[in-house]
Amino acid sequence: MADSKVIAMDMPQVRRPEFGLENNFSKYYADGNPFLSHLVNSLHVVFPEGEKLFIRAVKFFQDQVQDPHLKARIKGFIGQETVHMMQHERIWDTLESQGIKVREFDEWYTKSAYEEGIEGAIRKIFGEETYKRLALAVTCGLEHYTATLAEVALDPDLNVLKGFDDRMIALLEWHAAEEIEHKAVAFDVMQAVDGSPITKTAGLLLATWTLIYYGAAGTVKFMMEDEQVKITDLPRIVAEKTPLLAKAVFFMVPKVLQYLMPGFHPNDTENSRLAVEYFQNNKQYFEKKAG
Ligand SMILES: [Fe+2]
Ligand SMILES: [Fe+2]
């Protein structure tokens, strides 16, 4: 059933783009707004550790997948997430040089969410098998979020990246397009090994909580530690971007809830057009790389 829906964006391609982002973007690259810049900075940290989890989770079940086509898509998925991770981490030195303590946040976040934190506790309490199934379900939930966020980033009507540094737009749009390109891979693995709606729902709930909690924690930390942001300016800085964030949230909520519908498949969400258009219009980032 799912196969008939797998159309244009069937096979994730591993690309190694060059955005020239190191050491040359301003501290408030998000339309000059510290709040929005720090929110995206938080995602620059939250994403790479999340992507390590996605790779772990899919690898747990890789050997149980029989379909050679799905096996090839898993390889593409792992390749793409590895490059995403590296591209986000590449700008950490610049962020540190701007006084943003991304590594300190990463250390806390890793301990709290993974290792001996939530992931470790789930492993201890529920045992190895349930832990692995939950890790995959959380991955699928977060992949649904990243594909939905990708739609937000690429939709010209929403225009959420308006006023961002051009190179930062290039990084975020490329990541977004590849999230749409591989949005169904982890889900198809989950369907192949565990079709339980309970695991799927638990995965989305945990994904929702962790994304909001850690995304917010990084934003608050970076804002509070930013000496250039005066407390008295805070209401204005936040209010300036509240309508944009509200628009994005209203756009996302029904799409996220769709995930809970019985029989839902990621390819039911028609956002592939945005990714196809992105790759057609941005070949300059991918064509001249020699590997
Ligand atoms: Fe990613
Ligand atoms: Fe992804």
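## Close-up views of the di-iron site and its surroundings

**Figure 1. Glu143, a buried ligand of the second iron ion.** Glu143 has a relative accessible area of 1% and is therefore buried, since burial requires a value under 20%. The model shown in this and the following views is predicted. Glu143 belongs to helix H7, which comprises residues 128-154. Two OE entries for Glu143 appear among the donors of the iron ion (ligand 2).

**Figure 2. Coordination of the iron ion (ligand 2).** The donors are Glu81 (OE), Glu143 (OE), Glu143 (OE), Glu179 (OE), Glu179 (OE) and His182 (NE2), at 2.0 to 2.8 Å from the iron ion (ligand 2). The six donor atoms subtend angles of 50 to 153 degrees, and the site is irregular. For an octahedral assignment, opposite donors would have to be over 155 degrees apart; the angles at the iron ion (ligand 2) extend only to 153 degrees, so the octahedral criterion is not met. Along the sequence, the donor residues follow the pattern E-x61-E-x35-E-x2-H. Distant parts of the chain are linked by the pair Glu81, in helix H3, and Glu143, in helix H7, which are 62 residues apart.

**Figure 3. Coordination of the iron ion (ligand 1).** The iron ion (ligand 1) is held by Glu51 (OE), Glu81 (OE), His84 (ND1), His175 (NE2) and Glu179 (OE), with distances of 2.1 to 2.3 Å. The spacing of these donors along the chain is E-x29-E-x2-H-x90-H-x3-E. Here too, distant parts of the chain are linked: Glu51 lies in helix H2 (residues 34-61) and Glu81 in helix H3 (residues 68-89), with their positions 30 residues apart in the numbering. Both Glu51 and Glu81 are buried.

**Figure 4. Glu81 as the bridge between the two iron ions.** The iron ion (ligand 1) and the iron ion (ligand 2) lie 3.7 Å apart, and Glu81 bridges them. Glu81 has a relative accessible area of 0%, so this bridging residue is buried. Glu179 is listed among the donors of the iron ion (ligand 1) and also among those of the iron ion (ligand 2).

**Figure 5. Helix H8 and its N-terminal cap.** Helix H8 runs over residues 166-181. At 1.5 Å a residue, its 16 residues should span 22 Å, and the end C-alpha atoms are indeed 22 Å apart, so the expected and modelled spans agree. Of the 16 residues of H8, 13 are buried, and the helix is mostly covered. The N-terminal end of H8 is capped by Asp165, a side-chain oxygen of which lies 2.7 Å from the backbone nitrogen of Arg167.

**Figure 6. Polar contacts of Glu181.** Glu181 is located in helix H8. Its relative accessibility is 6%, and Glu181 therefore counts as buried. The side chain of Glu181 makes a polar contact of 2.9 Å with the side chain of Arg15. A further side-chain polar contact, of 2.7 Å, pairs Glu181 with Gln80.

**Figure 7. The largest pocket and its lining.** The largest pocket encloses about 1,000 Å³ of space. Its lining consists of 34 residues, with Leu39, Leu43, Leu149, Leu245 and Met252 nearest the centre. Two or more lining residues come from each of H2, H7, H8, helix H10 (197-225) and helix H11 (234-257). Helix H11 gives the most to this lining, namely eight residues.

**Figure 8. Phe105 and its distant sequence partner Ala217.** Phe105 is part of helix H5 (residues 102-113). With 2% relative accessibility, Phe105 counts as buried because this value is under 20%. Phe105 and Ala217 are separated by 112 residues in sequence, yet their C-alpha atoms are 8.8 Å apart in space.

**Figure 9. Two loop residues with positive phi.** Asp31 is not a glycine but has a positive phi of about 60 degrees. It lies in the loop between helix H1 (2-5) and H2. At 33% relative accessibility, Asp31 counts as partly exposed. Glu115, also not a glycine, has a positive phi of about 30 degrees. This residue is placed in the loop between H5 and helix H6 (118-126). The relative accessible area of Glu115 is 47%, so Glu115 is partly exposed.

Key
Residues are numbered from 1 along each chain as its sequence is written. Chains are lettered from A and ligands numbered from 1 in the order in which they are written. This is a predicted model: local features need pLDDT of at least 70, side-chain atom pairs count only at pLDDT 80 or more; totals for chains, interfaces and linings use all residues. Side-chain values use heavy atoms; hydrogens and water are left out. Donors are N, O and S atoms within 2.8 Å of the metal (3.2 Å for Na, K and Ca); water is not among the atoms, so sites may look incomplete. Helices (H or I, at least four residues) and strands (E, at least two) are DSSP runs, numbered from the N terminus. Buried means under 20% relative accessible area, exposed over 50%, partly exposed in between (1.4 Å probe, protein chains only). The expected span of a helix is 1.5 Å times one less than its number of residues. A polar contact is a pair of N or O atoms within 3.5 Å; within protein, one must be able to donate a hydrogen and the other to accept it, and residues adjacent in sequence count only if both atoms are side-chain atoms. Four donors count as tetrahedral if all angles lie between 85 and 135 degrees; four count as square planar and six as octahedral if opposite donors are over 155 degrees apart and all others between 65 and 115; anything else is irregular. On a 1 Å grid over the protein atoms alone, a cavity is a set of points where a 1.4 Å probe fits but cannot get out, and a pocket is an open set with protein on both sides within 12 Å along at least five of seven lines; lining residues have an atom within 4 Å of a point. Grid points are joined across faces, edges and corners, and a volume is the space filled by probe spheres set on the points.
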